[in-house]
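Me: I am new to this structure and would like to learn how its labels are earned. Could you take me through them one by one?

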Amino acid sequence: MDHQADTNRTDLMTITRFVLNEQSKYPESRGDFTILLSHIVLGCKFVCSAVNKAGLAKLIGLAGETNVQGEEQKKLDVLSNEVFVKALISSGRTCLLVSEEVEEAIFVPSSHRGKYIVVFDPLDGSSNIDCGVSIGTIFGIYMVKNEAEVSLEDALQPGNQMLAAGYCMYGSSCTFVLSTENGVNGFTLDPSLGEFILTHPNIKIPSKGKIYSVNEGNARNWDEPTTK
């Protein structure tokens, strides 16, 4: 056993440590965003576990309902939605939730109400579950305009008003990518520690790539600049 290597593992930059470091840059911060994010991360860990054992736990298949997009809901869709709704409400930092799996927005009870709005798809690409293809959770976080008067309009703010956004992808590894005004960073779940570790710091799109990827089936609908 490499005891030195095990000792060094305590120096890993976990997502919790990363967010706390970012929080320390703002002396006026009360830690509300950190608490909210920790609940989102917990939800991702729970869904990751459910996805990994979906076949064994008989979670593959249809739940008999359709979502707001008219798509047939999988059992994992429903489970994932319940996980995130409960995690977000119990954080005590949200006031309004908008999920792809629920037709109406969810107004958080005043006893658990905070100042953040979370819009999310608890399990995007769930139609690929049976094929073993990667699926994931997508989320965005806004700030409510007036805590005393929360309305649906608060969830319809433009994207440039978003405080943070991210996704968690469940596949051969579980990857959590978080975007804030301080850049984009990727974390990978270490199953032995149960922690997301910073593995892709400061992610940027290269000025020029080597991959051509487009759905040419829509070519006849492209405008002239896109065609060129």
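Reply: Happy to; here is some background, and then your questions in turn.

This is a predicted model, where local features need pLDDT of at least 70 and side-chain atom pairs count only at pLDDT 80 or more, while totals for chains, interfaces and linings use all residues. Residues are numbered from 1 along each chain as its sequence is written, and side-chain values use heavy atoms, with hydrogens and water left out.

Me: Why is Phe176 called buried?

Reply: Buried means under 20% relative accessible area, exposed over 50% and partly exposed in between, using a 1.4 Å probe and protein chains only. Phe176 has a relative accessible area of 0%, so Phe176 is buried. Phe196 also counts as buried, because its relative accessibility is 0%.

Me: What makes Leu198 partly exposed?

Reply: The relative accessibility of Leu198 is 24%, so the label is partly exposed. Leu198 lies in strand S10; strands (E, at least two residues) and helices (H or I, at least four) are DSSP runs, numbered from the N terminus.

Me: And which label does Asn81 get, buried or exposed?

Reply: Asn81 is buried, because its relative accessible area is 10%. Asn81 is found in helix H4, where the buried residues also include Leu76, Phe84 and Leu88.

Me: What is Asn81 in contact with, beyond its neighbours within four places in sequence?

Reply: Contact means heavy atoms within 4.5 Å. With those neighbours left aside, Asn81 is in contact with Ser99, Glu101, Val102, Phe120 and Pro122.

Me: How do you know that the span of H4 is close to the one expected?

Reply: The expected span is 1.5 Å times one less than the number of residues in the helix. H4 has 16 residues, for which 22 Å is expected, and reaches 23 Å from its first C-alpha to its last.

Me: Why are Phe176 and Phe196 called a tilted pair?

Reply: Rings of Phe, Tyr and Trp (its six-membered ring) pair if their centres lie within 6.5 Å; planes under 30 degrees apart count as stacked, over 60 as edge-to-face and the rest as tilted. The centres of Phe176 and Phe196 are 5.6 Å apart and their planes make 55 degrees, which fits a tilted pair. Phe176 lies in strand S8 and Phe196 in strand S10 (residues 195-200), so the pair ties together parts that are 20 residues apart in sequence. Ring pairs also bring in Phe139, making a cluster with Phe176 and Phe196.

Me: What makes a group of residues a nonpolar core?

Reply: The members must be buried Ala, Val, Leu, Ile, Met, Phe, Trp, Tyr or Cys residues joined through side-chain atoms within 4.5 Å. The largest core has 35 residues, and among those touching the most other members are Ile40, Phe120, Phe176 and Phe196. Helix H3 (32-52) is one of the elements that supply at least two residues; H3 gives the most, with nine. In soluble globular proteins, nonpolar side chains tend to be buried together.

Me: Why are S4 and S10 called edge strands?

Reply: Two strands pair if DSSP finds at least two bridges between them. The open sheet has eight strands in the order S4-S3-S5-S6-S7-S8-S9-S10, and strand S4 (106-107) and S10 each pair on one side only. Two bridges join strand S3 (residues 94-99) to S4, and these strands run antiparallel. Leu97 has Ile106 in S4 as its bridge partner.
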